[in-house]
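Let's walk through this model together, starting at the ligand and working outward. Keep the viewer open as you read.

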Amino acid sequence: MERSDVIIIGSGINSLVAAALLSKSGQKVLVLERNSQAGGAIKTVTTATLPGFTHELLSSWHPLFVGGPAYGELKADLEARGLVYLNTDKPTGVVCEGGSAILSTDLAATAAEFARLGDGDAWTNMLNEFLGKIDLAFGLLGADLWRSNSLKLLRTARKRFGNRGLVATGAELLEPASPWLDRTFTSPVSKALLAPWALHNGLGPDDAASAFITKVIGAAVALGGMPVPVGGGIKLVDALTSILADNGGTLITDADVVKINVSGGRATGVKLADGREFAADKSILASATPQALYQGLLKGENLPVETTKSAESFRYGRSAIQIHLALSEPPAWKADANLKDVAIVHVLDGMNSLSESVNASNRGYLPKRPTIVVGQPTAVDKSRAPEGKFILWLQLQENPQKILGDLAGEIAPGDGSWSDERLSAYADRVIDQLSEQITNLKSATLAKVVLGPKQIEEMNKNLVGGDPYAGDCRIDQYAVWRPLASATGHKTPIKGLWHIGASTHPGPGLGGGSGYLVAKRLTQKRLFKR
Ligand SMILES: Cc1cc2nc3c(=O)[nH]c(=O)nc-3n(C[C@H](O)[C@H](O)[C@H](O)COP(=O)(O)OP(=O)(O)OC[C@H]3O[C@@H](n4cnc5c(N)ncnc54)[C@H](O)[C@@H]3O)c2cc1C
């Protein structure tokens, strides 16, 4: 049987970051991926619409990776393998009933934009206040919360705010976005510019901690922009895979792991669906959902009851829908022609429609006026389309896993599934609504691809029911409670087995955080050896 030091199950960003770091540290690493291509939710294709158009079928935007510690550590290796990031000074904008706005990485321009909306002081005060705590905010989201160095974070916070202040900060962390936005800003446009960003961490504006997430993402894009790799996320996947290979590691695709072998309470290797087996001498890292790990890969093993019980009750969030368009020319935005240069424009009626759509979809209803995330990759990377042409990456995040009804009363729920018919009817409605804002949308569309919850899960089995974040991110399944209320971070009850991926802390996104944290843990030199 082939032996490695470390086996990594799955080849998403967390797995590949861990693979690169561990192989660079001298460990022999084997990555096993059930799909025929590596990358997980990074899926760049040139065949989705028309020749010359490159689409990111799933994830597209890399601020979390470029702003994260994994990139900090691997930057030189990645650049040596041809990875180039492009950025924009216009990361986000909004079109809503009250008007439109663009947020820029030029802080003076953004301050002027908020001043135009009557919220200049509110934005500047918010940003300055947040910058005073930015180390703690990013520390909290990036730290291994079960290790002693996270206590350092707590001590810093206590020193800065005092005991009472620390408790008050806890309340601030838990505040929902809607009351915070209503209290802080006067213009409905300012509120609509910031509020939809909570969606990108799986939250709605009325969820606990959504104000904190909105501030973190708002500040991160205002300071860091919206980077994307030239040519698409596949370039990052290729560069990480090449670091692995150059350091003696191996990636095998079409390798569906069905069992983690355990002996004497320790993970010793894995078995594939086709019967092949591989041994791991030191560690196994599994990028899987809690159910897939504890009820599938470890089925039949002796596990603590609290682990199996909390894995069983791990919930999934709303489903995603992606619509990809190849356009013959740039979009003509009615509200402001400059919106064509913005990376991500949110189109929504306002805070109330956002709240209504999130709650409707949480309760099984198709929203009447969904929030449309209009990604414009060509605004940042021209190589994604032939000269003069354009692509749109449209994302909808307010979709029920099972359809019980339609707030617009137009689409019959049938058996509740996302059938092709219901998906196509809903996508047409979204295109009609977007055409109210992009006047040439229909005439410029050369080709369209719609991916519903079913197709998204088929592409990556960790995205259960099309949940793009591999698990509901509300507070009871976040931070110290992710992946499980009963788990100690990435550690599992099986020795040598580590749980990574979007279902674990620090959650979804392309930061590669869980892979980074576990790799650090496994490569850290021990000061004292027993
Ligand atoms: C539609 C969509 C859009 C998104 N947009 C963005 C964005 O723009 N920016 C951003 O930061 N984040 C975005 N996200 C979130 C982000 O892409 C994900 O959170 C992240 O990529 C998850 O990485 P991961 O390491 O958890 O692994 P995943 O990408 O989930 O990959 C896991 C891999 O493991 C494999 N696997 C699972 N089980 C097994 C097994 N038993 N044997 C072998 N292989 C197995 C799967 O096939 C899969 O390839 C988006 C997600 C989606 C779905």
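Sorted by class, the shell around the ligand holds 15 nonpolar, 16 polar and four charged residues. Bear in mind as you look around that this is a predicted model.

**The ligand and its surroundings**

There are 35 residues around the ligand, and the ones that come nearest are Glu 33, Ala 41, Trp 61, Ala 502 and Gly 509. Two of the domains deserve a look here: domain 1 (2-42 + 62-82 + 231-314 + 470-523) and domain 3 (318-459) each give at least three residues to the shell. In terms of secondary structure, helix H1 (13-24) supplies at least two shell residues, and strand E17 (390-399) likewise supplies at least two.

Which polar backbone atoms of the protein pair with the ligand's nitrogen and oxygen atoms? The table sets out three such pairs, with residues Trp 61, Ala 502 and Leu 510.

| Ligand atom | Protein partner | Distance |
|---|---|---|
| nitrogen | polar backbone atom of Trp 61 | 2.8 Å |
| oxygen | polar backbone atom of Ala 502 | 2.7 Å |
| oxygen | polar backbone atom of Leu 510 | 2.9 Å |

How much of the ligand's exposed area does the protein bury? Taken alone, the ligand exposes 1000 Å², and the protein buries 97% of that.

**A closer look at His 62**

Next, pick out His 62, which sits in the loop between strand E4 (55-56) and helix H2 (63-66). Is His 62 buried or exposed? Its relative accessible area is 1%, so His 62 counts as buried, the cut-off being under 20%. The His 62 side chain makes a polar contact of 2.8 Å with the side chain of Tyr 85. Leaving aside residues up to four places away in sequence, His 62 touches Tyr 85, Pro 227, Pro 229, Gly 233, Leu 236 and Leu 510. Leu 510 thus appears on both lists: this residue touches His 62, and a polar backbone atom of Leu 510 pairs with a ligand oxygen.

**How the domains sit together**

Zooming out, the domain assignment of the chain gives domain 1 (2-42 + 62-82 + 231-314 + 470-523), domain 2 (121-224) and domain 3 (318-459). Between the C-alpha centres of domain 2 and domain 3 the distance is 28 Å. Where these two domains meet, 15 residues of domain 2 are in contact with 15 residues of domain 3.

**Backbone details to check**

Most residues other than glycine have a negative phi, and most peptide bonds are trans. With that in mind, here are some places to visit along the backbone.

A cis peptide bond links Arg 482 to Pro 483, with omega at about 10 degrees. Pro 483 belongs to the loop between helix H18 (453-459) and strand E20 (497-500). Another cis peptide bond joins His 505 and Pro 506, where omega is about 5 degrees. You will find Pro 506 in the loop between E20 and helix H19 (513-523).

As for phi, Asp 254 is not a glycine, yet its phi is positive at about 50 degrees. Asp 254 lies in the loop between strand E9 (250-252) and strand E10 (257-263), and at 48% relative accessibility it is partly exposed. Ala 479, also not a glycine, has a positive phi of about 55 degrees. Ala 479 is placed in the loop between H18 and E20 and is partly exposed, with a relative accessible area of 22%.

Definitions and conventions. Residues numbered from 1 in each chain as written. Predicted model: local features only at pLDDT ≥ 70, side-chain atom pairs only at ≥ 80, totals over all residues. Heavy atoms only, no water. Near = heavy atom within 4 Å. Polar contact = N/O pair within 3.5 Å; in protein donor to acceptor, adjacent residues only side chain to side chain. Areas by Shrake-Rupley, 256 points an atom, 1.4 Å probe, with all protein chains shown as cover. Helix = DSSP H or I, 4+ residues; strand = E, 2+ residues; numbered from the N terminus. Nonpolar A, V, L, I, M, F, W, Y, C, P; charged D, E, K, R; others polar. Domains from an automatic or database assignment. Buried < 20%, exposed > 50% of the residue type's maximum accessible area, 1.4 Å probe, protein only. Contact = heavy atoms within 4.5 Å.
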